[in-house]
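Reader: I've just opened this one and could use a hand finding my way around. Can we go through it together?

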Amino acid sequence: MSFISEALKNSYHTGSVWPSSRALALSITKSFREKSGPRKILEVGPGSGPFTKVILESLRSDDEYHLVEINEAFCKDLQTRFIDPYLSQPGESAKVELHQGAIEEVTLPSAFDFTVCGLPFNNFPPTVTRSIFRQLLDLTRTTGDLAYFEYAAVRKMRGAVVGSDGRAKIKRIDAHGKSMLKRFNGHREFVFGNLPPAYVIRLCGIGS
Ligand SMILES: C[S@@+](CC[C@H](N)C(=O)[O-])C[C@H]1O[C@@H](n2cnc3c(N)ncnc32)[C@H](O)[C@@H]1O
């Protein structure tokens, strides 16, 4: 299945034409991979699975991993290419559950240690972005991490081609991102090895 064909069919939800690179996947999953003990992880918007692949490679039998994806074709592909082969490996496996639907609508257990989000926030109206963030923060343990990414200079480039309403929306999304960084002791990591290059944003210790 081609990521590109799904992206062209539904550009609002997909928000890019290329899947993320392994370099971006390694960066966005870094704190999860470095943590010992049982880990509970949530991935939102896995798409064709570049982050899923890295997460499954690092999963241990006492971990729990939930994925939420709105696109039915991506869900079928994730199940057959990644989840079924992982679960049919010999030995004990972690609990892995794929939820098909919008993150705003699915019912999930809470208190995740790590939330990895691939949603294209710059495509969404600022009110939707804010409400999804609130939900992700509620789902993440107070000592947990929430990581997401955005393409470098994406708002500057968009700002140059949209009208004044579009620019006002971009400004609101930008201001929201900056306030989250400040409030949650956030860090940005530049990942050159992605098309296009991107920043991973990691908010640490959500409740502290
Ligand atoms: C930018 S793509 C990222 C895909 C993948 N994580 C990657 O980095 O290549 C965004 C993904 O989020 C999914 N998505 C968009 N809105 C969603 C929502 N409200 N709930 C769940 N998934 C959503 C899209 O279908 C798409 O697979």
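Reader: Which residues in α8 meet which residues in α9?

Author: Keep in mind that this is a predicted model. Helix α8 covers residues 154–161, and α9 covers residues 164–183. By class, their contact has one nonpolar, one polar and four charged residues. On the α8 side you'll find Arg-155, Arg-158 and Gly-159, and they meet Arg-167, Ile-170 and Asp-174 in α9.

Reader: Are α8 and α9 roughly parallel or roughly antiparallel to each other?

Author: Look at how the axes run: they come within 9 Å and cross at roughly 165°. The crossing is also left-handed. An angle over 145 degrees counts as roughly antiparallel, so α8 and α9 are roughly antiparallel.

Reader: What about α7 and α9, are they roughly parallel or roughly antiparallel?

Author: Helix α7, residues 126–139, packs against α9 at an angle of about 20°, and the axes are 9 Å apart. The crossing of α7 and α9 is right-handed. The cut-off for roughly parallel is an angle under 35 degrees, so these two are roughly parallel.

Reader: Which residues make the contact between α7 and α9?

Author: By class, this contact divides into four nonpolar, two polar and three charged residues. From α7 come Pro-126, Thr-129, Arg-130 and Phe-133, while α9 brings Lys-169, Arg-172, Ile-173, His-176 and Met-180.

Reader: How is α5 placed against α6, roughly parallel or roughly antiparallel?

Author: Helix α5 spans 50–58, and helix α6 spans residues 72–87. They pack at an angle of about 5°, with their axes 11 Å apart. That makes α5 and α6 roughly parallel.

Reader: And which residues make the contact of α5 with α6?

Author: Sorted by class, there are four nonpolar residues, one polar and one charged. Helix α5 puts in Thr-52, Lys-53 and Leu-56, and α6 answers with Leu-78, Phe-82 and Tyr-86.

Reader: Now the ligand: which residues come nearest to it?

Author: The shell around the ligand divides into twelve nonpolar, nine polar and two charged residues. At least two shell residues each come from α2 (11–14), α5 (50–58) and β2 (64–69). Out of the 23 residues around the ligand, the nearest are Pro-19, Ser-20, Gly-45, Gly-47 and Gly-118.

Reader: Where is the cis peptide bond, and which residues does it join?

Author: Go to the loop between β6 (187–191) and β7 (198–204), where Pro-196 lies. The omega of the bond is about -5°. The two residues joined are Leu-195 and Pro-196.

Reader: Which residue has a positive phi although it is not a glycine?

Author: Head for the loop between β3 (95–100) and β4 (112–117). The residue there has a phi of about 60°. Its name is Ala-111.

Reader: Let's step back: what radius of gyration does the protein have, and what would a compact globule have?

Author: Taken along the principal axes, the C-alpha atoms fill a box of roughly 55 × 40 × 35 Å. With 208 residues, a compact globule would have a radius of gyration near 17 Å. The protein agrees with that, at 17 Å.

Reader: Last one: how many helices and strands does the protein have?

Author: We've met several of them already, including α7 and α9, which pack with axes 9 Å apart. Among the strands, β3 and β4 have the loop with Ala-111 between them. The full tally for the protein is nine helices and seven strands.

Note on methods:
Residues are numbered from 1 along each chain as its sequence is written. This is a predicted model: local features need pLDDT of at least 70, side-chain atom pairs count only at pLDDT 80 or more; totals for chains, interfaces and linings use all residues. A residue is near a molecule or strand if its C-beta atom, placed from the backbone, lies within 6 Å of it. Helices (H or I, at least four residues) and strands (E, at least two) are DSSP runs, numbered from the N terminus. Ala, Val, Leu, Ile, Met, Phe, Trp, Tyr, Cys and Pro count as nonpolar, Asp, Glu, Lys and Arg as charged, and the others, Gly among them, as polar. Axes are lines fitted to C-alpha atoms, for helices over the stretch in contact, and angles run from 0 to 180 degrees between N-to-C directions. Angles under 35 degrees count as roughly parallel, over 145 as roughly antiparallel, 65 to 115 as roughly perpendicular and the rest as oblique. A crossing is left-handed if the near helix is turned anticlockwise from the far one by less than a right angle, and right-handed if clockwise. Two residues are in contact if their C-beta atoms, placed from the backbone, lie within 7 Å. The radius of gyration is taken over C-alpha atoms; the globule rule is 2.2 Å times the number of residues to the power 0.38.
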